[in-house]
Amino acid sequence: MKKRMVNILLGLVPLVIFLLIWEFVISSNSRNLFLFSSPSRIFDSLIENFRNGILTRDILATGQEAFYGFLIGNIVGGSIGLALWYSKRIASLTRPYIIAIGAIPIFSVAPMMIIWFGTGMYAKIMMAALSTITIAIIQSYEGAKQVDTQQIKLFQSFGATRKQIFSNLVVPSSLVWLFNSLKLNISFALLGAFIAEFISADQGLGHRIFKAGGTYDVSLVLAAVICIVLLALAFSGIIYLFEKTLIKWK
Amino acid sequence: MHKKRSFDQMNIELINITKSFYTPKGKSEIFKDLNLTISSGEFVSILGPNGCGKTTLFNLIIGLDNDYSGEVKLDHIVDRRTAVAYMMQRDLLLPWKTIYQNIITGIKIQGKVKSSTMGEVKEYMARFGISSLINNYPSQLSGGERQKVALIRTLIMDSEIMLLDEPFSAIDYHTRIELQFQIHALAKETHKTVLLITHDIDEAITVSDRAIIFGQKPNSSFKTIDTTFNIKERSQISVKQDPKYATYFTDIWHSLPKQEQL
């Protein structure tokens, strides 16, 4: 326990050195202060914008958009990926399409999403969902494909139907892969929501960064970046807990 | 062909089986007009070189492979899927299920879990000395313990025929000896038909009534060596003390194709 504390403290040393240099060396003149801001100013900006409720509202907006998009993308993508296990032929036929869709830069479809779903929350949720769905499909299909053929043979020797094999063997043994896809997709969901906000929105961290950048408020830009990182960490924490309760046999 | 034995009821009959595999190199014939009869309640070991079709034979009997010519007959059996239980070299336990849940996996699939199941599982676990592990996960067990669980999973299905594909080859010596005698005793108590694939001549003699030995593929016949003893209770020592043991061992040894002996 003591050793762990020491390790955590040691890990913080480079960060503290970095912040000190930033604060006292780089930001010592007003030109650099304008370009790079400083840790103390960012901190002030964080406090101020949490007090007046702007960042709180933005975090909630981005968090909600990313969360719903994440849910939709992973549930739909995960189900498609697992279902592809049923038919090798359909899997191999759809594979190039899935890869092609995955290769589309998510930024390029954002204008369309806004035209289709408006400037409100739906477009952002759709963007978050779209940016997570391909990884969910590919990961869950890989997971389903990795199921031990001997294991399948054993189930067949029990007389299991394909449906029984799917629900009793394929789905549970793909769980590890599904969780990998969830972890990867946290940042993709946030990115999707963020890009949509960046293009057109009246709230959210993407919107805040776009606006603050326009008024040369570097402190607020970086304060919002910190909020995104915190959001990602919070999501990771939730998934970690979820994984621990679900995969308790490890 | 082996001579008709004292077991009166015929149980498994393979008639004129021809089976080939198609590989990138071309057609590879495994069996050619093979005939084999296993009587009800008989314990038969199957030996032979790698790739001679031992596992294929099991797949034909259990119905996992239907791409052959000839006929596989299982007498008095209506539902093949519950009549034949299969056990492999790897324990194939599901890591996310407890030992109890793992043991009932097969009967659960077949919808045969009853109120008495828990008691039966406990009885088997006590017999194999692993009672305390019932609520553990497979990752907490040793290799030998895991294989015992896999064996109980096979036994609990209470199938008339058990196909064992090298189940004891990857476990430690002491557990192996223990399991060999348990399986022999259980098979005789419950009058099961058992087919055991093995590379171990000692194992074949110790547990079975008869050893059949395949040669290099394609096989259209096989050698049969009777491995019965006039001993009341088989044990690792009693079998070896019997003068027949050495004879059986030598016979099987010489029946195996040359490269398998080395």
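These are my notebook entries on helix packing and a chain contact in a predicted model.

**Entry 1: helix 9 of chain A**

I began with helix 9 of chain A, residues 162-199. I compared its span with that of a straight helix. At 1.5 Å a residue, 38 residues in a straight helix would cover 56 Å. The end C-alpha atoms of helix 9 are only 46 Å apart. I then looked for a bend. Helix 9 of chain A turns by about 45 degrees at L175(A).

**Entry 2: helix 7 against helix 9**

Next I took helix 7 of chain A, residues 121-145, and its packing on helix 9 of chain A. Their axes come within 7 Å. The crossing angle is roughly 155 degrees. Angles over 145 degrees count as roughly antiparallel, so helix 7 and helix 9 of chain A are placed in that class. I also checked the hand: helix 7 of chain A passes helix 9 of chain A in a right-handed crossing. I sorted the residues of this contact by class and found 17 nonpolar, ten polar and three charged.

**Entry 3: helix 6 against helix 7**

I moved on to helix 6 of chain A, residues 106-117. The axes of helix 6 and helix 7 of chain A come within 9 Å and cross at roughly 145 degrees. This crossing is right-handed. I listed who meets whom. From helix 6 of chain A come I106(A), V109(A), A110(A), M113(A), I114(A) and F117(A). They meet Y122(A), A123(A), M126(A), M127(A), L130(A) and S131(A) of helix 7 of chain A. By class, I get eleven nonpolar residues, one polar and no charged.

**Entry 4: helix 5 against helix 7**

Helix 5 of chain A, residues 88-103, also packs on helix 7 of chain A. The angle is about 145 degrees, and the axes are 10 Å apart. Here I found a left-handed crossing. A91(A), I98(A), I101(A) and G102(A) are the helix 5 residues in this contact. On helix 7 of chain A they meet T134(A), I137(A), I138(A) and Y141(A). The classes are six nonpolar, two polar and no charged.

**Entry 5: chain A against chain B**

Last, I looked at where the chains touch. How many residues of chain A are in contact with chain B? I found 13, against 15 residues of chain B. Helix 8 (149-157) and helix 9 of chain A each give at least two residues to the chain A side. The largest share, seven residues, comes from helix 8 of chain A. By class, the chain A side has six nonpolar, six polar and one charged residues.

Technical notes:
Residues are numbered from 1 along each chain as its sequence is written. Chains are lettered from A and ligands numbered from 1 in the order in which they are written. This is a predicted model: local features need pLDDT of at least 70, side-chain atom pairs count only at pLDDT 80 or more; totals for chains, interfaces and linings use all residues. Helices (H or I, at least four residues) and strands (E, at least two) are DSSP runs, numbered from the N terminus. The expected span of a helix is 1.5 Å times one less than its number of residues. The bend at a residue is the angle between axes fitted to the seven residues ending there and the seven starting there. Axes are lines fitted to C-alpha atoms, for helices over the stretch in contact, and angles run from 0 to 180 degrees between N-to-C directions. Angles under 35 degrees count as roughly parallel, over 145 as roughly antiparallel, 65 to 115 as roughly perpendicular and the rest as oblique. A crossing is left-handed if the near helix is turned anticlockwise from the far one by less than a right angle, and right-handed if clockwise. Ala, Val, Leu, Ile, Met, Phe, Trp, Tyr, Cys and Pro count as nonpolar, Asp, Glu, Lys and Arg as charged, and the others, Gly among them, as polar. Two residues are in contact if their C-beta atoms, placed from the backbone, lie within 7 Å.
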